[in-house]
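Trainee: I would like to go through the terms used for this model and ask what each one rests on. Can we take them one at a time?

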Amino acid sequence: MIGAIKRFINRVLNSLFKKKKHVKLGLYGPPNSGKTTLANKICQDWLGEDMGTVSNIAHETREIQIKEQINIKSKGKELSFNLVDTPGIATKIDYEDFMKAGLKETEAKQRAKEATKGVIDSIKWLDEMDIVIVVLDSTIDPYSQVNITIIGNLQARDIPVLLVANKIDLKKANVKKIQAAFPQYGIVGISAKYGNNLDEFYEALFKIAG
């Protein structure tokens, strides 16, 4: 009887004084990997609104975007964070690539200029992050200079990382190849577009946040 009372008191005290986590969570990755699509899905799930616009043309997100005070809950746990969606990181930005995608020369040059600044800003913001989610397109070979640059920067800063293999709804998706390329990090395969496997993603997020 006394033991039961003690356990009840402990549960009440633990509930009252449970530490609420609040972190700055950054979304990083190459262009068109689905970072903003995932950011929109997270914001829709927990705030009921989108975070940014998406496009088939690379570098749609060219400025840092922040959504503050997102609170997610699962199995009695709670995590509060500011979500930072960053411009796609690239080792080469050529305005002619945007022209091939259908933009006029003036617009393409402006986009290239803004995209280059966005890459620099993304790297600068790494020092502000508590946790980084690296979003990779699971249909593309992960052994790229861009991905190795991103992972190398994160390792140098010793920032906790969760890898997300996005676009698993597509036939060419290969999560295991990404896992083999970067075995030092946990990985979750999702489809941000259709919301596939988001529960597993949120569980992994709680785990990495401690």
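Mentor: Start with Asn32, which lies in the loop between strand E1 (21-28) and H2. Helices (H or I, at least four residues) and strands (E, at least two) are DSSP runs, numbered from the N terminus. The model is predicted, with local features needing pLDDT of at least 70 and side-chain atom pairs pLDDT 80 or more, while totals for chains, interfaces and linings use all residues. Residues are numbered from 1 along each chain as its sequence is written, and side-chain values use heavy atoms, with hydrogens and water left out.

Trainee: Why is Asn32 called partly exposed?

Mentor: Buried means under 20% relative accessible area, exposed over 50%, and partly exposed in between (1.4 Å probe, protein chains only). Asn32 has 31%, so it falls in the middle class.

Trainee: What makes the backbone of Asn32 worth a remark?

Mentor: Its phi is positive, about 65°, although Asn32 is not a glycine. Most residues other than glycine have a negative phi. Lys167 is another such case, with phi near 70°. Lys167 sits in the loop between E5 and helix H6 (175-181), and its 21% relative accessibility counts as partly exposed. Gly48, just after H2, also takes a positive phi, of about 75°.

Trainee: How do you know that H2 has the length expected of a helix?

Mentor: The expected span is 1.5 Å times one less than the number of residues. H2 (residues 35-46) has twelve residues, for which 16 Å is expected, and its first and last C-alpha atoms are 17 Å apart, which is close. For H4 (residues 105-125), the 21 residues should span 30 Å, and the end C-alpha atoms are 30 Å apart, so the two agree.

Trainee: Which residues of H2 are buried?

Mentor: Lys35, Thr36, Leu38, Ala39, Asn40, Ile42 and Cys43 are. In H4 the buried set is Ala108, Arg111, Ala112, Ala115, Gly118, Val119, Asp121 and Ser122. An α-helix has 3.6 residues a turn, so residues three or four places apart point the same way.

Trainee: Why is H2 called roughly perpendicular to H7?

Mentor: The axes of H2 and helix H7 (residues 198-209) come within 12 Å and cross at roughly 90°. That crossing makes the pair roughly perpendicular, because angles of 65 to 115 degrees carry that name, with under 35 counted as roughly parallel, over 145 as roughly antiparallel and the rest as oblique. The axes are lines fitted to C-alpha atoms, for helices over the stretch in contact, and angles run from 0 to 180 degrees between N-to-C directions.

Trainee: Which residues of H2 and H7 meet?

Mentor: Leu38, Lys41, Ile42, Asp45 and Trp46 of H2 are in contact (heavy atoms within 4.5 Å) with Leu198, Phe201 and Tyr202 of H7.

Trainee: What makes E2 and E3 a pair?

Mentor: Two strands pair if DSSP finds at least two bridges between them. Eight bridges join E2 (residues 65-74) to E3, and the two run antiparallel. One of the links has Gln65 bridged to Asp85 in E3. The strands form a hairpin with two residues between them, and Lys75 in the turn has a positive phi of about 50°. E4 and E5 (residues 161-166) share six bridges and run parallel, with Leu136 opposite Ala165.

Trainee: Why is E4 said to be largely enclosed by the rest of the structure?

Mentor: Seven of the seven residues of E4 (residues 131-137) are buried, so the description holds. Ile131, Ile133, Val135 and Asp137 point one way, and Val132, Val134 and Leu136 the other. E3 (residues 77-85) is also largely enclosed, because seven of its nine residues are buried. Ser80 is in E3 and is buried, at 1% relative accessible area.

Trainee: What joins the side chains of Ser80 and Asn71?

Mentor: A polar contact of 2.9 Å. The term needs a pair of N or O atoms within 3.5 Å; within protein, one must be able to donate a hydrogen and the other to accept it, and residues adjacent in sequence count only if both atoms are side-chain atoms. Thr116, in H4, has a side chain that reaches the backbone oxygen of Ala112 at 2.8 Å. Thr116 is partly exposed, at 38%.
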